[in-house]
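Trainee: I would like to take a close look at a single part before I try to understand the whole. Could you start with one helix and go on from there?

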Amino acid sequence: KKILKRLLLLHPKSVDLSLDRIKRLLQNLNNPEKKITNVIQVVGTNGKHSVCSSLREIFETADYTVNLNISPSLRKFNERYYFLGKNISDDKLCDLLVEVEKINKGQSITFHEFICACFFLEASRNKSDVNILESGLFFRLDASNVLEENIASVIMPIDMDHKDFLKKGTIDEIVYEKCSHLLNGSKIIVSEQDGNVLKKIKKNIANNSSKKIYFNKHYNYKKSINGFVYKDNGGSIELPSPNLLGNFQLSNIATAISTARNLDQFNITELHLKRAVTKIKSEGRLQNITKGKLRKYVSKNNQILIDGAHNPLAATAVKKYLETLNKNKKIFMVLGMMANKEHKKFIEIFKGTVHSIIALDIPNQTNFIEKGKLSKIALSYGIQSKTENSIELALMNITKENSDAIIFCTGSLYFAGEILNLN
């Protein structure tokens with residue numbers, strides 16, 4: 001933790017979009033990014049973590065080795081670095097950070113850029129069959145965009161988010177930042193998208209020489225009685241229900257399956273896929289808390305559901321899932337959000353779905369929106385709302401009012417991580 005705090009001081013901003021600093025550090029590290037092969041890069045607004053987790057499970061079920069870089073981490077920093085079957089240990093992480101810190105010699109670099117360089121270095125020392133990289137903010141100037149070649153780029157659903165880092169804050173800018181600089185001579189898999197966004201994506205990748213694989217045109221999925229049916233040019237596969245909640249996760253998994261099946265260098269069979277979909281883990285995404293410390297604050301009939309949704313597109317997807325739950329049970333939302341999000345649009349989506357909202361400040365964070373402001377927004381949309389001083393008190397408050405309620409905690413991945421750590 002001391003090292004991570006030191007690294008945060010290497011640059012005055014947490015985000016400063018540029019590739020100059022990361023390229024300088026990588027050069028000083030003898031360009032480890034050029035030594036890793038079979039890279040899948042994942043961009044988009046939502047579903048990146050879920051598709052990365054799905055891809056990892058598919059490849060590992062087929063006995064391939066995987067390195068994976070995700071951002072952000074949920075409960076512990078080590079989650080960001082996954083090498084050959086496990087997250088990096090505390091000791092190895094400490095050694096890696098100190099090694100790169102010495103080579104950097106105190107030169108200016110953002111925290112995200114520094115830790116991306118660390119991943120490339122460690123991945124180059126842990127040769128795997130496939131390397132999966134979840135991109136950070138946007139992609140064009142993200143520290144993960146330093147490779148000269150990959151085997152696939154995956155475009156997950158795109159929507160409005162992080163407007164404060166854009167000139168005009170439009171969807172056109174976001175699509176451009178995420179899609180205009182994907183690598184050529186590869187394969188681009190485009191997930192299920194809003195129709196208007198899809199047109200913009202197609203425009204941005206029109207001159208890219210990569211083979212393009214689109215949801216609906218080249219692959220799709222359909223819910224079935226016992227699970228779902230995946231279909232592409234290679235035929236249909238009847239698959240069991242995944243252990244991830246929400247129909248939107250079927251879409252994410254279908255995109256992962258399409259990606260794996262379109263990479264000829266890997267032998268992914270139907271049996272591998274059937275086994276893999278039941279083992280996928282995506283923590284903090286529609287996760288039921290059935291055991292742990294937080295259960296002592298609620299009744300045995302209260303369901304606690306956690307999701308890191310933090311933008312309108314994710315809110316819409318999660319709302320659809322909430323509407324499938326027991327109509328006789330009221331849904332109480334516990335909400336914490338970062339300051340730079342679309343708070344009004346996010347909250348408005350849940351009007352008519354949630355009974356009330358308890359707003360909280362996000363523990364151990366600085367750039368959150370103050371709970372009183374969140375509560376006022378909820379009230380302005382006619383949703384009952386109040387504030388509370390802790391997650392524990394919020395849970396106690398709800399169970400006291402309704403011992404049969406569904407308690408839905410959402411608004412931020414950081415918030416979800418804090419709740420899971422408490423648990």
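Which residues of helix α2 (residues 20-28) are buried?

Mentor: Before we begin, please keep in mind that this is a predicted model, in which local features need pLDDT of at least 70 and side-chain atom pairs count only at pLDDT 80 or more, while totals for chains, interfaces and linings use all residues. Residues are numbered from 1 along each chain as its sequence is written, and side-chain values use heavy atoms, with hydrogens and water left out.

In helix α2, the buried residues are Arg21, Ile22, Arg24, Leu25 and Leu26, where buried means under 20% relative accessible area and exposed over 50%, with partly exposed in between (1.4 Å probe, protein chains only). These buried residues of α2 pack against two other helices, α4 (90-104) and α5 (111-125), and just after α2 comes asparagine 30, whose phi is positive at about 65°. The helices (H or I, at least four residues) and strands (E, at least two) are DSSP runs, numbered from the N terminus; the protein chain has 14 helices and 17 strands.

From the helix we can turn to a loop, the one between β5 (130-134) and β6 (152-155), which is where asparagine 150 sits. This asparagine 150 has 10% relative accessibility and therefore counts as buried. Apart from residues up to four places away in sequence, asparagine 150 touches Val39, Gln41, Leu183 and Ser186, a contact being heavy atoms within 4.5 Å. With two of these residues the side chain of asparagine 150 makes polar contacts: one with the side chain of glutamine 41 at 2.8 Å, and one with the side chain of serine 186 at 2.7 Å. A polar contact is a pair of N or O atoms within 3.5 Å, of which, within protein, one must be able to donate a hydrogen and the other to accept it, and residues adjacent in sequence count only if both atoms are side-chain atoms.

A sheet further along the chain can be read in the same careful way. Three strands, in the order β9-β10-β11, form an open sheet with antiparallel pairing, where two strands pair if DSSP finds at least two bridges between them. Because β9 (219-223) and β11 (235-240) stand at the edges with a single partner strand each, one side of each is left without a neighbour in the sheet. Strand β10 (residues 227-232) is joined to β11 by six bridges in the antiparallel sense, and one pair to find is phenylalanine 228 with its bridge partner in β11, leucine 239.

In strand β9 you will find lysine 222, which counts as exposed because its relative accessibility is 62%. Leaving aside neighbours within four places in sequence, lysine 222 is in contact with Phe228 and Val229. Alanine 254 is 32 residues from lysine 222 in sequence, yet the two are 9.7 Å apart in space, C-alpha to C-alpha.

To close, here is the chain as a whole. The C-alpha trace spans about 60 × 55 × 40 Å along its principal axes, and 58% of the 423 residues are buried. Among contacts between residues at least 6 apart in sequence, 74% join residues at least 24 apart.
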